[in-house]
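Reader: I'm new to reading protein structures. Could you walk me through this one?

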2 protein chains.
Amino acid sequence: MQTRQAYKTLDQSGRELGPRAMQTRKRLLQATHDLLDRQSVRDASVVEIARRAGTSPATFYQYFKDVSEATLRLAEEAAAETPALVELIDRPWRGQKGLENARDIVSAFVEHWDLNRAVLLVRNLAADEGDRRFQKVRREALTPVIEHLARRVQESQQAGRIADEMHPYAAAAALAAMLERLSAHHREIESFGATRDHLIETCARILFQTVTGRTAPAS
Amino acid sequence: MQTRQAYKTLDQSGRELGPRAMQTRKRLLQATHDLLDRQSVRDASVVEIARRAGTSPATFYQYFKDVSEATLRLAEEAAAETPALVELIDRPWRGQKGLENARDIVSAFVEHWDLNRAVLLVRNLAADEGDRRFQKVRREALTPVIEHLARRVQESQQAGRIADEMHPYAAAAALAAMLERLSAHHREIESFGATRDHLIETCARILFQTVTGRTAPAS
DNA sequence: AGCGAATCTGATATACCGTCAGATTCTCGA
DNA sequence: TCGAGAATCTGACGGTATATCAGATTCGCT
């Protein structure tokens, strides 16, 4: 009569992994991550992942059902970075300090994406295509962000600084959408006249304005 | 001595297509579109597309280098819908009418995505993954929208309603990013308490506020 | 050294990819 | 109406990836 212990990492056939196996599994995940960074998802094959990990395709299948499952695990790892973001959102939003904080949020978001670009792109595609597993990871990564933002919007709304026609959750989701999409392809935008700093500053101000209902202070 | 006529549709080997061939090509594109709507990109195979089009894989290769090229052509077709959006952006942005117009823009964007969801998702993934061909189509679809928005932002800035720290192009790109991402997965968001109308209204207000520098009027 | 458990892989059946030579269908002049 | 030739399509095939499993290898332990 005791609660099952926190999730052990399992084999495809449900067996727990020993230290050697953990090693191999990690190498496979790393290889998957690297490969996705280099090639399109469509071209990421099990053979190639195995080759990079210095092992055989059969071994890959010992740990993952297919490439998408390996990617899912990577997406779960990336989702673990969310709390740091939420912490920023919970800081005070007033005045100059608040704007600086908004900048930090945008920067953190972009950085998070820069580190996990390929994986997050695939995660979002799969989620948008209807894959429940990926919808779940994305939700787990974004829901805290959206809900904390929504709470702030709601506060501003109750203080009368934001119109009642705004829906706090929708606003938060829209802001998250902006941050996600912008982070995904900021490099392409940057090749069109707006530097990275411009993007961050501008985005921070939209964020600030939408969350607080106040005009961002001059710097 | 005359300009080359507008692009003829070509065969894989560069030959112009007769009427029968045009028919077949269209069926293949349609089949690709449908298949992408139903399955993930990764699983969209040439055999399956051919089957749906009632023809053979070899025929597919007569017209397209691979699935991604067929998708590219579909993305080009979708890009042709952009001008309608730009027309909306160019309408006046003042007061109640302006807000209504913002709503129309958001609606039009969402609708455009609802009709071309799968294709646009794949387009964006491929572009984000660095595929130049897809970057080009996306650019051609979005640049007009972004530039017209940017011009409006700049006007508001010159009128002193928007801080100088904002970069008009960056702001426009951020707004486009928000619209894109939101359109891509609005259905999932809608299953979390904000209706489609909430989303549109909220998004329209963020758009209005960011473009004009004014608070959106009450409805 | 040697046993059992953990971990890995060669071999294989299946399926898709991408090409090409040849088959089929259409067009049009006689 | 009947071919000849052009336009269009497809069967067949070699190459490669998928996914599985039985057997081989490696490891920890006595």
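Author: Sure, starting with some vocabulary: Ala, Val, Leu, Ile, Met, Phe, Trp, Tyr, Cys and Pro count as nonpolar, Asp, Glu, Lys and Arg as charged, and the others, Gly among them, as polar. By that sorting, the surface near DNA strand D divides into eight nonpolar, seven polar and three charged residues. This is a predicted model, in which local features need pLDDT of at least 70, side-chain atom pairs count only at pLDDT 80 or more, and totals for chains, interfaces and linings use all residues. Residues are numbered from 1 along each chain as its sequence is written, while chains are lettered from A and ligands numbered from 1 in the order in which they are written.

Reader: What makes a residue one of the 18 that surround DNA strand D?

Author: Its C-beta atom, placed from the backbone, has to lie within 6 Å of the strand. The closest are Ala58(A), Gly18(B), Ala21(B), Thr24(B) and Ala58(B). Helices H2 (46-53) and H3 (57-63) of chain A, plus H1 (19-38) and H3 (57-63) of chain B, each give two or more residues to this surface. Helices here are DSSP runs (H or I, at least four residues), numbered from the N terminus.

Reader: Why are H1(A) and H6(A) called roughly perpendicular?

Author: Angles of 65 to 115 degrees get that name (under 35 is roughly parallel, over 145 roughly antiparallel, the rest oblique). H1 (residues 19-38) and H6 (residues 95-128) of chain A pack at about 85°, with axes 8 Å apart, so they are roughly perpendicular to each other. The axes are lines fitted to C-alpha atoms over the stretch in contact, and angles run from 0 to 180 degrees between N-to-C directions. His33(A), Leu36(A) and Asp37(A) of H1(A) meet Ala118(A), Val119(A) and Val122(A) of H6(A).

Reader: How do you know that the two copies are related as by a two-fold rotation axis?

Author: Copies are superposed by least squares on the C-alpha atoms of residues with pLDDT of at least 70 in both. A rotation of 180° with 0.0 Å of shift along its axis puts chain A on chain B (RMSD 0.0 Å), and thus the two-fold description fits.

Reader: Why do we say the copies meet through the same surface?

Author: Contact means C-beta atoms, placed from the backbone, within 7 Å. That links 43 residues of chain A with 42 of chain B. H8(A) gives the most to chain A's side, with 14 residues. Of chain A's interface residues, 98% are also interface residues in chain B, so the copies meet through the same surface.

Methods:
Contact = placed C-beta atoms within 7 Å.
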